[in-house]
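Work through the exercises below with the sequence and the 3D view at hand. Each task is followed by a worked solution.

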Amino acid sequence: MKVLMVCLGNICRSPLAEGILQSKVIQHKLDWQVDSAGTSNYHSGEAPHELSQKVALHYGVDITQQVCRQFAKVDILKFDKIYVMDKSNYKEVERIAGILWDATKVDLLLNELYPKENREVPDPWGGTEKDFQNVYQMIEKACDKIILKYTSN
Ligand code: 4NP
């Protein structure tokens, strides 16, 4: 199973999602690949946001070595499942994927917790540590659900 987490900057939300899911994959000894990307190139090559790093480390998840990259068309082929944080990310992934677009692979992350409700993980960019903590909690619950979904049969 190859999972890609996507947000706008690949600097706040999707690095957390990658780190959280990756840590659960290791705990459950799963043979999965987890990665993340942003629909923009605003922060390509940078480390995750300082507050994403700090909040993750608080929960024992080290994302300090991650490097931001932009979502590319071929990611649609390379990954089995692509989770986006908000509806704008979804539209951008669809636009970038172009003729390779495959709706069966792409979904809002929170639809794992609240199916078909199309809830969004709010963008904490410019927010406080509490905003980043709130985002961490939401993403963690969704990642628990993903692990359960693919390991309970
Ligand atoms: P992210 O947050 O999509 O969760 O990484 C953002 C990061 C940077 C910007 C916007 C959102 N920006 O405009 O630079």
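**Exercise 1: a salt bridge and its exposure**

Glu117 is partly exposed, at a relative accessible area of 45%. The model is a predicted one, in which local features need pLDDT of at least 70 and side-chain atom pairs count only at pLDDT 80 or more, while totals for chains, interfaces and linings use all residues. Residues are numbered from 1 along each chain as its sequence is written, and side-chain values use heavy atoms, with hydrogens and water left out.

Task: find which residue forms a salt bridge with Glu117.

Solution. Step 1: a salt bridge is a side-chain nitrogen of Lys or Arg within 4 Å of a carboxyl oxygen of Asp or Glu. Step 2: Arg119 meets this rule with Glu117, the closest N and O atoms being 2.7 Å apart. Step 3: buried means under 20% relative accessible area, exposed over 50%, and partly exposed in between (1.4 Å probe, protein chains only). Step 4: Arg119, at 37%, is partly exposed.

**Exercise 2: salt bridges of helix H5**

Task: state what Lys24 and Glu112 each pair with.

Solution. Step 1: helices (H or I, at least four residues) and strands (E, at least two) are DSSP runs, numbered from the N terminus. Step 2: the side chains of Lys24 and Glu140 form a salt bridge of 2.9 Å, N to O. Step 3: Lys24 belongs to helix H1 and Glu140 to helix H5, so this pair ties together parts 116 residues apart in sequence. Step 4: Lys24 is buried at 6% relative accessible area, whereas Glu140 is partly exposed at 24%. Step 5: Glu112 has a salt bridge with Lys149, with 3.0 Å between the closest N and O atoms. Step 6: Glu112 is buried at 7% relative accessibility, and Lys149 is partly exposed at 42%.

**Exercise 3: around the ligand**

Task: list polar contacts between the ligand and the backbone.

Solution. Step 1: a residue is near the ligand if one of its heavy atoms lies within 4 Å of it; the surrounding residues include Leu8, Gly9, Ile11, Cys12 and Arg13. Step 2: for the ligand, a polar contact is a pair of N or O atoms within 3.5 Å. Step 3: ligand oxygen atoms lie 2.8 Å from a polar backbone atom of Gly9, 3.0 Å from a backbone N or O atom of Ile11 and 2.9 Å from a polar backbone atom of Cys12. Step 4: Arg13 also belongs to a network of salt bridges with Asp86 and Asp123.

Key. Polar contact = N/O pair within 3.5 Å; in protein donor to acceptor, adjacent residues only side chain to side chain.
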